[in-house]
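Dear colleague,

I am passing on the structure below, and I would be glad if you could keep it open while you read the notes that come after it.

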Amino acid sequence: MKLNRIIVSVLFFVALTASSLFAKKTKTDDSKLKVVTTIFPEYDWAKEIIGENADNVELTLLMNNGVDLHSYSPSVKDIAKISESDIFVYVGGESDEWVDGVLKNATNKNMKVINLLDVLGEKVKSEEIVEGMEHEHEHNEHSHSHSSEIHEHDIKDRTLSEFNGEWQSLYPVLTSGKLEEYVEHQAKEKGKSEKDMQKEIEAKWNCGVKLVKVGGDKITLTYDNGKSVTGKYSYAGYAVKKNDEGKITNVRYKFETSDKNAPKYVMFNDHGYAPSDDVAHFHFYFGNNSFEEFMNSKVNSYFVASKLSAHECEDLLLGRNHNEHHHHDEDEKDEHVWLSLRNASELCAAIADALCEKDSANASVYKKNLASYKAKLSRLDGEYSDVVKSSRAKTLLFGDRFPFRYLVDDYNLKYFAAFTGCSAESEASFNTIVFLAGKLDELGLKSVCQIENGNGKIAKTVIANSKTKNATILTFDSLQSTTAKQIKKGATYLGTMEKNLSVLKEALK
């Protein structure tokens with residue numbers, strides 16, 4: 001991501017120069033309110049709320065050429081547009097990491113910024129990998145990021161030798177001030193000051209041990225005061241930690257000793273759940289009371305290889321080290337929040353509030369249009385509920401990426417799919433194809449779904465491997481690649497969601 005920041009910074013300064021020269025040649029109407037949106041749903045929501053006041057607002061859609069959120073990079077012209085905008089609306093997930101650099105250097109310091117994920121707060125869901133779904137980086141079968149869902153049958157016993165080596169606590173590195181970029185990144189993600197963020201991470205990582213050395217069946221702990229203790233440990237099984245929804249979030253491996261000088265119980269969590277020879281870091285817990293005390297501990301120490309420099313430690317934390325998944329102690333968020341009509345209503349309200357704040361003279365227009373549009377969203381939401389209630393099937397099967405988690409969760413539908421919504425994969429493994437074909441037969445589904453611009457290859461292969469081989473292919477529109485040409489022909493958010501409802505009705509027959 002550091003390279004991306006450099007590229008964006010260079011583009012920004014080029015954009016400033018270009019916009020300055022352009023301003024000399026072109027007379028602009030500075031009286032217009034400038035609203036810039038990244039994706040089509042944001043654009044269309046703003047358009048509906050602005051309504052009859054459109055002549056007084058310059059509304060811009062950046063992604064209007066069919067490139068979706070996950071593949072987009074801002075042009076010089078785009079950066080200049082954002083920099084001078086009065087209101088800027090963007091999604092705010094990992095695909096938008098370029099935004100920070102642009103906003104930092106924006107010329108309009110009074111810009112109102114709307115981050116969709118921030119607006120929704122706790123309603124934002126984590127990306128999940130459901131049963132049968134292709135894992136990212138399938139070449140490493142034991143790799144695990146927080147975005148995947150762990151099932152009980154996936155968990156395997158592990159040995160202490162997998163953690164062999166000398167490991168340093170990141171707490172001393174943090175308190176020495178050598179992880180400033182990581183702290184800054186975390187502070188921005190969580191909307192906190194860097195000072196508060198530093199204190200929060202310090203409290204989490206401060207366990208009192210600065211080195212952990214593992215060799216064979218022995219563990220040596222070196223405390224902050226320099227004292228070392230060694231114990232011979234044996235495997236004691238594993239414990240699983242679950243979230244409020246009952247889903248497993250991580251697996252912690254337990255080891256115990258009868259040596260009196262060493263902590264009786266220790267536990268490792270490296271986010272893995274099966275044997276691995278590629279441990280990059282782990283969270284470490286130790287004590288003499290019980291394993292249970294570790295499960296809700298507020299201390300979540302962070303250990304990495306001792307050979308790593310402070311700079312390499314920061315690279316690891318920020319996901320810049322050997323393609324490691326960066327998780328920052330957070331799940332990867334599902335960015336496709338616009339595919340919930342209920343989310344759309346809340347997000348439209350945030351856009352209307354920003355318009356009222358920046359253009360109070362037309363606040364009554366914006367409020368009226370918002371009320372009207374929210375009523376339309378509510379009616380369509382009701383129609384979705386009615387279709388689901390009257391349908392035979394309650395499960396969707398996608399031979400494609402699946403960006404519709406917010407939609408299916410709104411109506412308590414289940415799903416199976418080849419890939420997550422943000423996956424860059426395009427080829428499904430034999431096991432994934434066979435699994436989806438089996439589900440197609442088991443559930444008696446009559447269709448396999450794909451998203452817009454899909455080539456149907458995976459869906460056709462799934463059908464070909466089913467028993468009946470007569471399922472149809474249906475296409476849902478995730479509103480990620482709507483073009484200016486389609487907008488000119490009348491494409492709207494509501495219109496597309498209405499078409500998706502018709503597809504859903506067919507898929508659930």
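The notes below go through a sheet, one lysine, the salt bridges and the cysteines.

Please bear in mind that this is a predicted model, in which local features need pLDDT of at least 70 and side-chain atom pairs count only at pLDDT 80 or more, while totals for chains, interfaces and linings use all residues. Residues are numbered from 1 along each chain as its sequence is written, and side-chain values use heavy atoms, with hydrogens and water left out.

To begin with the sheet, four strands (strands being DSSP runs of E of at least two residues, and helices runs of H or I of at least four, both numbered from the N terminus) form an open sheet of 4 strands in the order β2-β1-β3-β4, with parallel pairing. Its edge strands, each of which pairs on one side only, are β2 (57–61) and β4 (112–115); two strands are taken to pair if DSSP finds at least two bridges between them. The twist from one strand to the next averages 10°, where axes are lines fitted to C-alpha atoms, for helices over the stretch in contact, and angles run from 0 to 180 degrees between N-to-C directions. Strand β1 (residues 33–37) runs parallel to β2 and is joined to it by 5 bridges, and Val35 has Leu59 in β2 as its bridge partner. Helix α3 (residues 76–84) packs on this sheet and touches β1, β2 and β3 (87–90), with a direction that makes about 130° with that of β1; contact here means heavy atoms within 4.5 Å.

In another strand, β9 (residues 234–242), lies Lys242, which counts as partly exposed at 46% relative accessibility (buried means under 20% relative accessible area, exposed over 50% and partly exposed in between, with a 1.4 Å probe and protein chains only). Leaving aside residues up to four places away in sequence, Lys242 touches Glu152, Lys247, Ile248 and Thr249. The C-alpha atoms of Lys242 and Ile150 are separated by 10.0 Å, although these residues are 92 apart along the chain.

Turning to charged pairs, a salt bridge is a side-chain nitrogen of Lys or Arg within 4 Å of a carboxyl oxygen of Asp or Glu, and by this rule the count comes to 17. In one of them, the side chains of Lys368 and Glu52 meet at 3.0 Å, N to O. Lys368 lies in helix α12 (residues 363–390) and Glu52 in the loop between α2 (40–50) and β2, so this pair ties together parts that are 316 residues apart in sequence. Lys368 is partly exposed at 46%, whereas Glu52 is exposed at 53%.

Arg405 forms a salt bridge with Glu128, with their closest N and O atoms 3.4 Å apart. Because Arg405 lies in helix α13 (residues 405–410) and Glu128 in the loop between α5 (116–120) and β5 (165–169), the pair links parts that are 277 residues apart in sequence. Both Arg405 and Glu128 are buried, and they belong to a network of salt bridges that also includes Lys125, Lys247 and Asp409.

As for the cysteines, a search of the whole structure finds 0 disulfides, a disulfide being a pair of cysteine sulfur atoms within 2.5 Å. Cys313 is buried, with a relative accessible area of 1%, and Cys449 is likewise buried at 1%.

With best wishes
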